[in-house]
Each structure stands twice: as C-alpha cells, then as structure tokens.
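Thank you all for making the time this morning. I would like to walk through one structure with you, beginning with the way its helices meet and then moving on to individual residues.

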Amino acid sequence: MQIDDTLLNKLEKLSALQISDEKREEVKKQLSEIVSFVDILNELDLSSDEAVVSSIKGGTPLREDESRPSDVIDTILKYAPSREGHFFAVPKIIE
C-alpha cells in the first residue's frame, strides 16, 4: 500500500495533527515502510496458534492473600528528622 497525499490528508484530519510541507515526503516514506512491514506480518501462518487473551490460564500461580506483621513503618521513620507516632512531622504551612 502506498501512502499518497490524499491518504496523508485524511490521516492528518483523523489525528488532529498538522504535518509541515518540509516533512510530508519523509512522513509518507515512513508510513509506507510501516505498512509494508505490517503486510509482511500478515503473511505469517497463524492458523495453528491459539489467540492468547490472558496469561492466567496455566500461567502465573497465585498466592494466598495473607496479612503479615511488618516493621517497615518503624524502619522508615527511624530516619525521619521529626515524627509523631507513625507519621512524619512537618512544619505547619496553612494557618
């Protein structure tokens, strides 16, 4: 498929972009290369392959959602310049 000025004008309207006159030939060349690559991909025989819509089917094993005790808050607050309970203490900026 060749990209011509008519198709490029339609693409400009659809994408709400404006391509400058200096760049039009370069953009047409790049779009033609992309379409040619996709045409090559269309030649692949994928009739024996099943489409994958999720990786969960036989894929990622899930673990039980269990709560566990953690001392992350205390570890992080250990390095805070000032703290109140389990929070960072900062200067009041709104009266």
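Let me start with the packing of the two helices H1 and H2, whose axes lie 11 Å apart and make an angle of about 90°. Since angles from 65 to 115 degrees count as roughly perpendicular, H1 and H2 are therefore described as roughly perpendicular to each other. On the H1 side the contact is made by Asp5, Leu8, Asn9, Leu11 and Glu12, and on the H2 side by Arg24, Val27, Lys28 and Leu31. Please keep in mind throughout that this is a predicted model, and that what I quote has been computed from it.

Now to the charged residues. How many salt bridges does a search of the whole structure find? The search gives 5, and I will go through some of them in turn.

The pair I would take up first is Lys28 with Asp5, a salt bridge in which the closest N and O atoms are 3.1 Å apart. Lys28 belongs to helix H2 and Asp5 to helix H1, so this pair ties together parts that are 23 residues apart in sequence. As for their surroundings, Lys28 counts as buried, because its relative accessibility is 11% and the cut-off for buried is under 20%, whereas Asp5, at 39%, counts as partly exposed.

A second salt bridge joins Arg24 to Glu12, and here the closest N and O atoms are 3.2 Å apart. With Arg24 in helix H2 and Glu12 in helix H1, this pair ties together parts that are 12 residues apart in sequence. Are these two partners buried or exposed? Both Arg24 and Glu12 are buried, and for Arg24 the relative accessibility is 13%. If we leave aside residues up to four places away in sequence, Arg24 touches Asp5, Leu8, Asn9, Glu12 and Ile19, so its list of contacts includes Glu12, the salt-bridge partner I have just described.

The third pair is set within one helix: Glu33 forms a salt bridge with Lys29, the closest N and O atoms being 3.6 Å apart, and both residues lie in helix H2, 4 residues apart, which is about one turn of the helix. Glu33 is partly exposed, with a relative accessible area of 46%, while Lys29, at 53%, is exposed. Returning to the wider set, salt bridges that share partners join Asp5, Glu25 and Lys28 into one network.

Let me turn next to the nonpolar surface. Which residues make the nonpolar surface patch of about 570 Å²? The patch is made by Ile34, Phe37, Val38, Leu41, Leu44 and Leu46, and of these, Phe37 lies in helix H2.

Finally, I would draw your attention to a detail of the backbone. Ala16 has a positive phi of about 60°, although this residue is not a glycine. Where does Ala16 sit? Its place is in the loop between helix H1, which covers residues 5-15, and helix H2, which covers residues 24-42. Ala16 is also exposed, because its relative accessible area is 69% and the cut-off for exposed is over 50%.

To bring the main points together, we have two helices, H1 and H2, packed at about 90°, a salt bridge between Lys28 and Asp5, and another between Arg24 and Glu12. I am happy to take questions.

Definitions and conventions
Residues numbered from 1 in each chain as written. Predicted model: local features only at pLDDT ≥ 70, side-chain atom pairs only at ≥ 80, totals over all residues. Heavy atoms only, no water. Buried < 20%, exposed > 50% of the residue type's maximum accessible area, 1.4 Å probe, protein only. Patch = residues over 30% accessible without salt bridge, like charges linked within 9 Å, V, L, I, M, F, W, Y side chains within 5 Å. Areas by Shrake-Rupley, 256 points an atom, 1.4 Å probe, with all protein chains shown as cover. Salt bridge = Lys/Arg side-chain N within 4 Å of Asp/Glu carboxyl O. Contact = heavy atoms within 4.5 Å. Axes fitted to C-alpha atoms, helices over the stretch in contact; angles between N-to-C directions. Parallel < 35°, antiparallel > 145°, perpendicular 65-115°, else oblique.
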